[in-house]
Amino acid sequence: MSKDIQSIAGRLAELRTFSDYTTAQMAELLGIGENEYISFESGKGEIPINLIYKFASVVDSEPMYILRGSMPTKDDAVVVYGGAGLNVERYEGYVFTPLAPDFKHKTMNPMLVTLSPTDTPELVVHSGQEFNFVLEGKLRVIVGDKEYFLRAGDSLYFNPAYPHAQVPMDGNTAKFLTVITE
């Protein structure tokens, strides 16, 4: 088990316990089975990023605290030079960099995403709204029962309550900016 996964798992357990939830209660609030939740908290399962955000909302914390162990400190401005922020591998082939990691009380989460060609990812759903802007490559975005084919310079704004996924096209890596509102 990697040190990062161990640290994230420890923070999940700490925040859940501090918030007086049982593992069964937390699993129910996250909409997953208790055994799946326990695997995340024990470090045996890699928690999906959308569940980290949902977990943070449930325990009234910041997702960046769960990911890196420190609370955001800025309320005026945050700069990430050259996209050189904390890289988070959501799953193999999907890496994102939060572009406002140290900003307190965010109402939107801008991220730079790099997608490598892999199998079609699982469709996800989450609250808020989502905006994708393609910077490099070609991207197929599935939203509900529709598909959108985007190239560099194209954008898509959509309701992420519909099952959705982004997939690079033509066997090449795609890079895009995504902004997700809370």
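Start by selecting Lys-138: with 36% relative accessibility, Lys-138 counts as partly exposed (buried is under 20% relative accessible area, exposed over 50%, partly exposed in between, with a 1.4 Å probe and protein chains only). Before moving on, note that this is a predicted model, where local features need pLDDT of at least 70, side-chain atom pairs count only at pLDDT 80 or more, and totals for chains, interfaces and linings use all residues. Residues are numbered from 1 along each chain as its sequence is written, and side-chain values use heavy atoms, leaving out hydrogens and water.

Now add Asp-170, which forms a salt bridge with Lys-138, the closest N and O atoms being 3.2 Å apart (a salt bridge is a side-chain nitrogen of Lys or Arg within 4 Å of a carboxyl oxygen of Asp or Glu). Lys-138 sits in strand E5 (residues 138-143) and Asp-170 in the loop between strand E8 (164-168) and strand E9 (174-181), so the pair ties together parts 32 residues apart in sequence. Strands (E, at least two residues) and helices (H or I, at least four) are DSSP runs, numbered from the N terminus. Asp-170 counts as exposed, at 53% relative accessibility.

The structure holds six salt bridges, so what else is there to click on? Pick Asp-102 and Arg-68, whose side chains meet in one at 3.3 Å, N to O. Asp-102 lies in the loop between E2 and E3 and Arg-68 in helix H5, so this pair joins parts 34 residues apart in sequence. Asp-102 is buried at 17%, while Arg-68 is partly exposed at 31%.

Last stop: Glu-62 and Lys-106, a salt bridge at 4.0 Å, N to O. Both residues are buried.
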